[in-house]
Amino acid sequence: MAQRHSHRAGLRTVASVEALKGVLALTVAYILTRAIRHDYDFEVLAQRIFGALHIGLHHGWSQHVLHSADRISDWHPAAIMGLAGAYATLRFIEAYGLWRQRVWAEWLAIISGAVYIPLELERLIRRPTAFHWGILLINLAVVFYIAWVRWDEIKARRATER
């Protein structure tokens with residue numbers, strides 16, 4: 001049992017990050033749905049942000065952002081809240097289990113983190129930016145850390161069985 005406690009701080013750190021991701025998803029979904037219901041022009045918002053940051057609108061990626069921002073108004077608020085709610089629920093369940101050092105949550109963290117790696121690699125290949133590198137490296141670190149915790153606990157359990 002002492003071996004499980006040696007991972008408590010790391011697991012609780014990951015749990016806190018997962019809970020924060022759930023809160024952020026719900027917050028962004030709420031803001032988007034409120035803005036959609038009030039017919040907010042997301043393209044104008046994106047242009048203002050680019051202007052404040054002194055980013056030219058002639059770049060290909062800024063045009064992509066403007067086009068995507070313009071399409072946000074077409075999204076259905078219930079769909080946004082439903083997807084955000086499902087995502088946040090998964091993150092909160094995972095956070096609870098990691099905080100309580102549950103084996104099922106460790107497996108959930110490994111699987112749910114590993115699912116995103118191919119998508120992140122594809123984005124990195126298409127647009128290699130510092131942001132995409134950062135997201136990929138953080139996700140890999142979390143997946144490898146939780147996998148190491150699982151391996152360490154399995155190894156400790158086998159040692160005590162002998």
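In the predicted model, the buried residues of helix 2 are covered by elements that include helix 3 (42–52), helix 5 (77–99), helix 6 (103–126) and helix 7 (130–161). The residues of helix 2 that count as buried are Leu11, Val14, Ala15, Glu18, Gly22, Ala25, Ala29, Leu32, Thr33, Ala35 and Ile36. An α-helix has 3.6 residues a turn, so residues three or four places apart point the same way. Helix 2 itself comprises 30 residues, from 8 to 37. The distance from its first C-alpha to its last is 43 Å, close to the 44 Å expected at 1.5 Å a residue. After helix 2 comes Asp39, which has a positive phi, near 50 degrees.

The secondary structure of the protein consists of seven helices and zero strands, in the order α-α-α-α-α-α-α from the N terminus. The C-alpha trace spans about 65 × 35 × 25 Å along the principal axes. The radius of gyration is 20 Å, whereas a compact globule of 162 residues would have a value near 15 Å.

Of the 162 residues, 31% are classed as buried. Contacts between residues at least 6 apart in sequence were also examined; 67% of these join residues at least 24 apart. The protein exposes an accessible surface of about 10,800 Å², and carbon and sulfur atoms account for 67% of this area. With regard to charge, the protein carries 19 positive and 13 negative charges, and the mean positions of the two sets lie 9 Å apart.

Notes. Residues are numbered from 1 along each chain as its sequence is written. This is a predicted model: local features need pLDDT of at least 70, side-chain atom pairs count only at pLDDT 80 or more; totals for chains, interfaces and linings use all residues. Side-chain values use heavy atoms; hydrogens and water are left out. Helices (H or I, at least four residues) and strands (E, at least two) are DSSP runs, numbered from the N terminus. The radius of gyration is taken over C-alpha atoms; the globule rule is 2.2 Å times the number of residues to the power 0.38. Buried means under 20% relative accessible area, exposed over 50%, partly exposed in between (1.4 Å probe, protein chains only). Contact means heavy atoms within 4.5 Å. Accessible areas come from the Shrake-Rupley method with a 1.4 Å probe; for residues, only the protein chains shown count as cover. Lys and Arg count as positive and Asp and Glu as negative; His and the chain ends are not counted. The place of a charge is taken as NZ of Lys, CZ of Arg, CG of Asp or CD of Glu. The expected span of a helix is 1.5 Å times one less than its number of residues.
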